[in-house]
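User: Please take a close look at one of the chains here. I would like its fold, its helix packing and its contact with its partner in one connected account.

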Amino acid sequence: MSKPQFVYVTYIETTPTRLWEALTSSEFTKQYWFGAEVRSDWKIGSPFALLLDGETTDSGEILEADPPRRLSYSFKHQKYEELRGEPISRVVFTIEPFGSLVRLTVLHDGFVEGGKYLGAVSNGWPAILSGLKSLLERGKVLAIPRTALNKGFDAK
Amino acid sequence: MNLDQFKPLTVYTIYIAATRDKVWEALTSAEFSRKYFSGFAVEMEPRLGGKFIVRALDGSEHISGDVFEYDPPNRLTVTWNVNWPDLVAKLGTTLVTYEIEQAGEAVRLTMSERHDRPLSDDILSGGRTGWPAILSGLKSLLETGKAPQIKMAPPVQMLEALKAMGIKTP
């Protein structure tokens, strides 16, 4: 059986550079990541933080940065007590040109078997990345309520 | 067919700025599917027990099945059997379910591919590679009026695994 991880692939009509910018600029993330801001200088070894309403919800450090191809950071939840005990996870974004499109693969791994964090992450990414695709393709995000992040399927 | 035996082995969720009716129509009509599904025509008799076909460009039935759950525009389950010799005999029936839910002003579409037995990651790689491309195209089509051309390479990993099981592939 495969180890607990979450993988999501989406095809976006954009350029790798624009997609890189959308993943690393708070101006963009605030729009499609349900108000969240990303903070980092995006250099390997530098700190990474995700802020919601000014409060750090997740933090880590930059593990890989090869613009506009590959970005990876460690990810540790800080806000909710029940998720705080989970191990440090890792997010890897792979950006590949695909004809006139870009293929974005998001891998999130480092979860414990039976932990809650994988389920939360599995519900969150499809909503976030669907919004990102809409923003880049039509200049407008989706009006998805934040509660959408709590629904969806239970990842196995 | 005992539904309880079928487990979701591939799940893909995508949010789309459209109505549920529009998403349902895009999933079940040839006019739409040809644009986002590599030219394949989805033909469905709109009733429980109706025929469900995915027709290739040469007119052949690439996938044949029946409508197993029919609740427009909320939920559709079809048997999704690829017409390659021995494939269904060796892999069992495939069920594909689309769940279409309102999520604010958007629609959440969840595709689940269910099987009645465990299958290897190699066998499943075909669907796992294909669904994101198909459903990314469907989303773009409904949101921008234009489906991007996502040219997929043949699913080599799956074809090799099928061949190893003695299933003839094109």
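Analyst: Chain B is the part to look at. Confidence comes first, since this is a predicted model. The mean pLDDT of chain B is 95. 100% of its residues reach 70 or more. For the model, ipTM is 0.94 and pTM is 0.94.

Now the fold. Chain B holds 5 helices and 8 strands. From the N terminus onward, the order is β-α-α-β-β-β-β-β-α-β-β-α-α. The pattern thus opens with a strand and ends with two helices.

Next, overall dimensions. The C-alpha trace of chain B spans about 45 × 35 × 30 Å along its principal axes. Its radius of gyration is 15 Å. A compact globule of 170 residues would come out near 15 Å, so chain B agrees with that expectation. Of those 170 residues, 37% count as buried. Take the contacts in chain B with a separation of 6 or more: 49% of them join residues 24 or more positions apart.

The two helices that end the pattern deserve a closer view. Helix α4(B) covers residues 121-144, and helix α5(B) covers residues 156-164. They pack with their axes 7 Å apart, at an angle of about 140°. Roughly antiparallel would need an angle over 145 degrees, so α4(B) is oblique to α5(B). Their crossing is left-handed. On the α4(B) side, the contact uses Asp122(B), Ile123(B), Ser125(B) and Gly126(B). On the α5(B) side, Gln157(B), Met158(B), Ala161(B) and Leu162(B) meet them.

Helix α4(B) also faces outward to the partner chain: it is among the elements that give two or more residues to the side touching chain A. The others are β1 (7-16) and β8 (106-115) of chain B. In total, 23 residues of chain B are in contact with 22 residues of chain A. The largest share of the chain B side, 8 residues, comes from α4(B). So this helix takes part in both settings: it packs against α5(B), and it touches chain A.Last, the partner. Chain A comes to 4 helices and 7 strands. Its order along the sequence is β-α-α-β-β-β-β-α-β-β-α. The C-alpha trace of chain A spans about 40 × 40 × 35 Å. Of its 156 residues, 35% count as buried. Its radius of gyration is 15 Å, in agreement with a compact globule of that length.

Key:
Residues are numbered from 1 along each chain as its sequence is written. Chains are lettered from A and ligands numbered from 1 in the order in which they are written. This is a predicted model: local features need pLDDT of at least 70, side-chain atom pairs count only at pLDDT 80 or more; totals for chains, interfaces and linings use all residues. pLDDT is the predictor's confidence in each residue, from 0 to 100. The radius of gyration is taken over C-alpha atoms; the globule rule is 2.2 Å times the number of residues to the power 0.38. A residue is buried if 20 or more other C-beta atoms lie within 10 Å of its own, exposed if 12 or fewer, and partly exposed in between; C-beta atoms are placed from the backbone. Two residues are in contact if their C-beta atoms, placed from the backbone, lie within 7 Å. Axes are lines fitted to C-alpha atoms, for helices over the stretch in contact, and angles run from 0 to 180 degrees between N-to-C directions. Angles under 35 degrees count as roughly parallel, over 145 as roughly antiparallel, 65 to 115 as roughly perpendicular and the rest as oblique. A crossing is left-handed if the near helix is turned anticlockwise from the far one by less than a right angle, and right-handed if clockwise.
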